[in-house]
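Here's a model to pick apart together. Let's ask what stands behind each label that gets attached to it.

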Amino acid sequence: MSLKKAFLLLACAGILGKAAAQTPAPLTFTRADTLRGALTPLRTCYDLHYYHLDVKLDPARKFISGSNLFRFTATEDFTRLQFDLFANLAVDKVLYKGKSVPFTREANAVFVTFPQPIRKGTQDEFTVQYSGNPTEAKRAPWDGGLVYSQDKQGKPWVVSACQGIGASIWWPTKDHQADEVDSMLISVTVPQGLKDVSNGRLRKTTKLKGGDTRFDWFVSNPINNYCVALNVGDYQHFGDTYQGENGKLTLDYWVLPENLAKAKQQFTANVKPMLKSMEHWFGPYAFYEDGYKLVESPHLGMEHQSAVAYGNSFGNGYRGRDLSGTGWGSKWDFIIIHESGHEWFGNNITSKDLADMWVHESFTNYSESLFVENQYGKQAGQEYVHGTRLGIVNDGPIIGEFNLNNKGSGDMYPKGGNLLNMTRTIINDDEKWRQILRGLNKTFYHQTVTGTQVVNYISQQSGQDFTKIYDQYLRHPNIPTLEVRFEKGEALGRWVADVPGFAMPVRVRQKGGEYRFVTPTNAFKPLGIAGLTKDNLEVDTFNYYIGVLID
């Protein structure tokens, strides 16, 4: 193989210009990571149904106080359970049947002991009263906590952002994605002149003595912990409706007064096309009862269910940039499309463990290209997803360590999106692929899942086993390489991959001809296409993120 030939093929595969795959330093975990990430018996003994989070925010002191009611069904007999609250926040009291009960703390976990056994099948509840200064996020949304800012009039502007680090950074909860409440009441009290915008629908606004105002928001659908949102500021509201697959969907927008005109233009231009695309590909929006909201935030954005945080400065692209380098990403508002895409993957379908965060991010990254396709045609969408390879670094596994609240490589975004596009290419039936995407959202509607369940569903519905393909791309930093050599005028091929028995259909052709699918294994065998030579062999590296070596 000539070096020039290898160079060109690797460039086509999107590898050159990236950091070489490196073996990351071994991760070190503590008992605190296990307490946060593991589903121990002290967490699985109770199944949550309902929260009432009732808090008061003092922006001047950066102080929060209040309570959270836990309503649950016992899944077994127990006298002790765990909930979570960061250690810098005080648990003032735990109340059960009107009386204080004892508790202990270790790291960010709290262990409650009840005076008598709570029997399996019993529906019960307890309330945690707490207070303190929550962690202040320094670089939201990539780190977690509360974000303190001001509008142009100097009024406080405070929001929450806590994906990954966990909701217990600002409120008491069973802080694990596997257990979602069925519904939730969020009550937030703020100083006079400010509003709180949280998830779901506003049920009541109450003026309190001393000038404070309490806002009661009710979420009527299951919600994951990190999506529960607090947004406090001098917000202005405008709204609209969208006639979607399940009827009329309310659209509510909350922004700072100085940005009202820009928001009306940007939101109008992006939201309805986004909903049309997402419903076409993924099925009906999953939260019609709670509506759809965009809420301006001082950070870039977050997929807070039915109250999506938006901070992209009312411009197209990702902070004005096209992450694909193709030009297609400059035609729409990245944060509106991406964060809203999480309403399907992340909020409707939620991974049980943070290690499977790829279920959220890979599908939502892929939703961007589907939006481009819906707006500008299939070729544009394919160009976009191919262009996102600019962000792949192959620095580690996409799947993280389980039971430790550990997420994998950031490659879960562009590499995961390209993996899904390869899946579509292999299935080679666009309508079947669309029905698989819609079927995922229907089959796992309002559920928490494992990544294995998602891969198994794709395999079952497509009639092709994708297990080893997903294992290679999700569990190993290296991408598979198609090695081709010629013997007696015949082209032989094999896959070089980490996964034993790896075999992936790939499209090959003579230059200028029609692509044909071949399925090499990890041993050389004929590709079965007559007339292939070193000079006319073409492998579909546009739709496949692979390496190619020709001897």
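What follows is a set of questions and answers on this predicted model.

Q: Why is Arg434 called buried?
A: Arg434 has a relative accessible area of 15%, and buried means under 20%. So the label fits Arg434. The residue is found in helix α9, residues 430-443.

Q: What makes the link between the side chains of Arg434 and Glu431 a polar contact?
A: The two side chains are joined at 3.2 Å, and the cut-off for a pair of N or O atoms is 3.5 Å. The side chain of Arg434 also reaches the backbone oxygen of His280, at 2.7 Å, which is again within 3.5 Å. Leaving aside neighbours within four places in sequence, Arg434 is in contact with His280 and Trp281.

Q: Why does Gln510 count as partly exposed?
A: Its relative accessibility is 32%. Buried would need under 20% and exposed over 50%, with partly exposed in between, so Gln510 gets the middle label. Gln510 lies in strand β25, residues 506-510.

Q: What does Gln510 touch, leaving aside its neighbours within four places in sequence?
A: Gln510 is in contact with Ala530, Gly531, Leu532 and Asn536. With Ala530 there's a polar contact too: the side chain of Gln510 reaches the backbone oxygen of Ala530 at 2.8 Å. As for Gly311, 199 residues apart from Gln510 along the chain, the C-alpha atoms of the two are separated by 48 Å.

Q: Why is α5 described as largely enclosed by the rest of the structure?
A: Because 8 of the 8 residues of α5 are buried. They are Phe334, Ile335, Ile336, Ile337, His338, Glu339, Ser340 and Gly341. The cover over these residues includes α4, β18 (292-296), β19 (301-302), β20 (308-310), α6 and α7. At the start of α5, a side-chain oxygen of Asp333 comes to within 3.2 Å of the backbone nitrogen of Ile335.

Q: Which residues of helix α7 are buried, and what covers them?
A: In α7 (residues 378-387), Ala380, Gly381, Gln382, Tyr384, Val385 and Gly387 are buried. Their cover includes α5 (334-341), α6 (358-376) and α8 (414-427).

Q: How do you know that strand β3 is mostly covered?
A: Of the 7 residues in β3 (residues 78-84), 5 are buried.

Q: What makes β3 and β7 a pair?
A: The requirement is at least two bridges, and β3 and β7 (residues 109-118) have 6, in the antiparallel sense. In β7, Ala109 is the bridge partner of Asp84.

Q: How do you know that β23 and β24 pair?
A: Strand β23 (residues 481-487) and strand β24 (residues 490-496) share 7 bridges in the antiparallel sense, against a requirement of at least two. One of the bridge partners in β24 is Arg494, which goes with Glu483.

Q: What makes β27 and β29 edge strands?
A: Each pairs on one side only. β27 covers 525-526, and β29 covers 547-550. The open sheet has 4 strands in the order β27-β24-β23-β29, with mixed pairing.

Q: How many residues are in the largest nonpolar core, and which have the most contacts inside it?
A: That core has 89 residues, and those with the most contacts inside it are Phe267, Val271, Tyr292 and Trp358. Helix α4 (residues 260-282) gives the largest share, 8 residues. A second, separate core of 65 residues includes Cys45, Phe72, Val91 and Val94.

Q: What does Trp358 touch, not counting residues up to four places away in sequence?
A: Among its contacts are Phe363, Ile398, Met412, Val454 and Tyr470.

Q: What makes up the lining of the largest pocket?
A: It is lined by 33 residues, of which Trp142, Tyr318, His338, Glu361 and Tyr413 lie nearest its centre. The elements giving two or more residues are β19, α5 and α6. The largest share, 4 residues, comes from α5. The space in this pocket is about 740 Å³.

Q: How many cavities of 30 Å³ or more are there?
A: The count is 3, and the largest cavity holds about 130 Å³ of space. Its lining has 16 residues, of which Arg36, Asp175, His176, Gln177 and Asn405 lie nearest its centre.

Notes: Residues are numbered from 1 along each chain as its sequence is written. This is a predicted model: local features need pLDDT of at least 70, side-chain atom pairs count only at pLDDT 80 or more; totals for chains, interfaces and linings use all residues. Side-chain values use heavy atoms; hydrogens and water are left out. A nonpolar core is a set of buried Ala, Val, Leu, Ile, Met, Phe, Trp, Tyr and Cys residues joined through side-chain atoms within 4.5 Å. Buried means under 20% relative accessible area, exposed over 50%, partly exposed in between (1.4 Å probe, protein chains only). Contact means heavy atoms within 4.5 Å. A polar contact is a pair of N or O atoms within 3.5 Å; within protein, one must be able to donate a hydrogen and the other to accept it, and residues adjacent in sequence count only if both atoms are side-chain atoms. On a 1 Å grid over the protein atoms alone, a cavity is a set of points where a 1.4 Å probe fits but cannot get out, and a pocket is an open set with protein on both sides within 12 Å along at least five of seven lines; lining residues have an atom within 4 Å of a point. Grid points are joined across faces, edges and corners, and a volume is the space filled by probe spheres set on the points.
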